[in-house]
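This report walks through the fold of one protein chain, element by element. Please keep the sequence and the structure at hand while reading.

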Amino acid sequence: MTKQKPKVVSNSDELAKPDDKVPQTKFVDLIESITLGETEIYLRRAGNRGDKRLYVRLHCDENTAAEAALSFVREEGGEALIVEAQQYRAVNFEFTYGGEKRKYYFDANRIFTPAGRDATLSIARRKNPQTGVDEALAWRLGEKEAVMLILTGFTKTLLNAMDLDSRELVVAVHNNRTYTLDEAAKTAKPGFVHKNPGRSLNDFFLVTQESDFAQLKAMGFNVVMQDNKNVKDDGSLSVFCKNKRYINIEAAHDHSKQQLEMLQALQELK
Ligand SMILES: [Zn+2]
């Protein structure tokens, strides 16, 4: 076989034409911003828009999970949605109420039901002008209701972006330090805990469907099934998706190899 000479491209119009020998993918990588009170929050979206499989990263300090989801969808398909705010577990935002700039925070994995939003938005803060340190404040009259409206709007925007009804499988990716399989097992459906002593207790699946539990158990992974009937309404995505096919991938903060292996394992599910 003779080596082809590289094609010389002489003008920019030529450069803009798609090369028909290169397979065209629907791959997109874009960032949308959402205004939350007076703070911008970002949604990074990558992969095939509207794909049947969605991979979501909610906690902004869980970088291993974000990188695993993004690299996975580039290789294997699916759509990834990454919430990007500050580099903390909680999302912080500011809002001026009663003439004062106040600060609020919430757990992005506790906002999917009204009860969850109410519980996670339990406190207001402000920067103390003398010390520069954040201090907790009592709610002013009407303040919590006003902030709840903002948070409910944010949740709606996030749910629109997730478009859960169009997905066959929703996967949330998380990283942990102290939350382990043993902890998750306490609220699992009785009899639906599988522990492999050869794997770290930090690395496990939480599923909502019995068939996924059985298949992941057969593959030798740590896995628990949520007790969908009796699960406490904490506003988490796993509770919100209890009647859907939903899988949570938990891995330790630095276990990127394990998290990718777990993402890959889901490709085998029937
Ligand atoms: Zn998390």
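## The four-stranded sheet

In this predicted model, four strands form an open sheet in the order β5-β6-β7-β8, and their pairing is antiparallel. At the edges lie β5 (90-97) and β8 (134-137), each of which pairs on one side only. On average, and with direction ignored, neighbouring strands of this sheet are turned by 35 degrees against each other.

Within the sheet, strand β6 (residues 100-107) and strand β7 (residues 124-127) run antiparallel and are joined by 2 bridges; here K103 stands opposite R125 in β7. Helix α4 (residues 143-162) packs on the sheet, where it touches β5, β6 and β7, and the direction of α4 makes about 125 degrees with that of β5. Strands of a sheet pair, as a rule, through backbone hydrogen bonds, in either a parallel or an antiparallel manner.

## The chain as a whole

The chain holds 8 helices and 13 strands, and buried residues make up 35% of its 270 residues. If one takes the contacts between residues at least 6 apart in sequence, 65% of them join residues that are at least 24 apart.

## The nonpolar core

In soluble globular proteins, nonpolar side chains tend to be buried together. The largest nonpolar core of this model has 62 residues, and those with the most contacts inside it are Y55, A69, V171 and F205. Helix α2 (residues 63-76) gives the most to this core, contributing 6 residues. The core draws at least three residues from each of two domains, namely domain 1 (27-87 + 166-268) and domain 2 (91-160).

What does F205 touch, if residues up to four places away in sequence are not counted? The contacts of F205 are then L216, F221, V223, I247, N248, I249 and M262. Two of these partners return below, since L216 is among the buried residues of α6 and M262 among those of α8.

## Strand β9 and its parallel partners

Of the 8 residues of β9, 7 are buried, so this strand is largely enclosed by the rest of the structure. Strand β3 (residues 53-57) pairs with β9 in the parallel sense over 4 bridges, whereas β9 and β13 pair, also in the parallel sense, over 7 bridges.

A172 takes part in both pairings: A172 is the bridge partner of V56 in β9, and N248 is the bridge partner of A172 in β13.

## Helix α8

In helix α8 (residues 256-265), the buried residues include Q259, L260, M262 and L263. Seen down the axis of α8, the buried residues fall within an arc of 160 degrees, so they line one face of the helix. An α-helix has 3.6 residues a turn, so residues three or four places apart point the same way. The buried residues of α8 pack against α2, β9 (169-176), β11 (204-207) and β13 (246-252), while the face turned away from the buried side carries the exposed residues K257 and Q264.

E261 is also found in α8. Is E261 buried, exposed or partly exposed? With 16 other C-beta atoms within 10 Å, E261 is partly exposed, because a residue must have 20 or more such neighbours to count as buried and 12 or fewer to count as exposed. Although E261 and F72 are 189 residues apart along the chain, their C-alpha atoms are separated by 9.9 Å.

## Helix α6 and the glycine after it

The buried residues of helix α6 (residues 210-218) are D212, F213 and L216. These residues cover an arc of only 105 degrees around the axis, which puts them on the same side of α6. They pack against β10 (188-194), β11, β12 (223-226), β13 and α8, and the face of α6 turned away from them carries the exposed residues E210, S211 and A218.

After α6 comes G220, whose phi is positive, near 90 degrees.

## D163, a loop residue with positive phi

D163 is found in the loop between α4 and β9. Although D163 is not a glycine, its phi is positive, at about 50 degrees. D163 counts as partly exposed, with 14 C-beta neighbours inside 10 Å.

Terms used: Residues are numbered from 1 along each chain as its sequence is written. This is a predicted model: local features need pLDDT of at least 70, side-chain atom pairs count only at pLDDT 80 or more; totals for chains, interfaces and linings use all residues. Two strands pair if DSSP finds at least two bridges between them. Axes are lines fitted to C-alpha atoms, for helices over the stretch in contact, and angles run from 0 to 180 degrees between N-to-C directions. Two residues are in contact if their C-beta atoms, placed from the backbone, lie within 7 Å. A nonpolar core is a set of buried Ala, Val, Leu, Ile, Met, Phe, Trp, Tyr and Cys residues joined through C-beta atoms within 7 Å. Domain bounds come from an automatic or database domain assignment. The arc is that of the directions from the helix axis to the C-beta atoms.
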